[in-house]
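Student: I would like to learn how to read the packing of a helix from coordinates alone. Could we work through one model together, with each criterion spelled out before it is applied?

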Amino acid sequence: MEAYGKHERTARDFQRIRFGKRPIKPAKSDPHHFDLFEIGIGLGLESLRPAELACCFDILCPCGHAHNAEALVKQRGRMEREIRKAFEAATRGGNIGTHLEGP
Ligand SMILES: [Zn+2]
């Protein structure tokens, strides 16, 4: 249901932009942070200690702000839960990998 709500909001925001009805409500999280977590979780970002995580974002993130280690750790936890939920939904009923099987 939460995913449906997010999808619905994205579709509504798209229509507002499409028909010139701005402004749209900004997202709660920084899109650069979302992208870095999406790319980096699974490649080692999940195992960095808080200070290392903040240092990594200070180097890689284009948002232009100094990064708060505690806030990033919380955001990483939320992203890991969302990724886990998406994986569970995708694999429910044995759907994952069936498209990869050859003849
Ligand atoms: Zn940033």
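Tutor: Let us begin with contact: two residues are in contact if their C-beta atoms, placed from the backbone, lie within 7 Å. Helices and strands are DSSP runs numbered from the N terminus, with H or I over at least four residues for a helix and E over at least two for a strand. This is a predicted model, in which local features need pLDDT of at least 70 and side-chain atom pairs count only at pLDDT 80 or more, while totals for chains, interfaces and linings use all residues. Residues are numbered from 1 along each chain as its sequence is written.

Student: Which elements does the protein have, and in what order do they run from the N terminus?

Tutor: There are four helices and zero strands, so to speak an α-α-α-α order from the N terminus on. As for confidence, pLDDT is the predictor's own score for each residue, from 0 to 100; the protein averages 84, and 85% of the residues score at least 70. Among the elements, helix 1 (residues 2-18) has the lowest mean pLDDT, 77, and helix 3 the highest, 96.

Student: Which residues of helix 3 are buried?

Tutor: A residue is buried if 20 or more other C-beta atoms lie within 10 Å of its own, exposed if 12 or fewer, and partly exposed in between. In helix 3 (residues 50-60), L53, A54 and F57 are buried. Viewed down the helix axis, these buried residues fall within an arc of 95°, taken from the directions from the axis to the C-beta atoms, so they line one face of the helix. An α-helix has 3.6 residues a turn, so residues three or four places apart point the same way.

Student: Which residues are exposed on the other side of helix 3?

Tutor: A51, D58 and I59 are exposed there; A51 counts as exposed because it has 9 C-beta neighbours inside 10 Å.

Student: What covers the buried residues of helix 3?

Tutor: The cover includes helix 2 (31-40) and helix 4 (69-91). For F57, leaving aside residues up to four places away in sequence, the contacts are L36, H67 and L72. In helix 4, L72, Q75, R76 and M79 are buried, and the buried residues of helix 4 pack against helix 2 and helix 3.

Student: Which residues make up the largest nonpolar core?

Tutor: In soluble globular proteins, nonpolar side chains tend to be buried together. A nonpolar core is a set of buried Ala, Val, Leu, Ile, Met, Phe, Trp, Tyr and Cys residues joined through C-beta atoms within 7 Å. Here the largest one has eight residues: L36, F37, L45, L53, A54, F57, L72 and M79. Helix 2, helix 3 and helix 4 each give two or more residues to this core, and the largest share, three residues, comes from helix 3.
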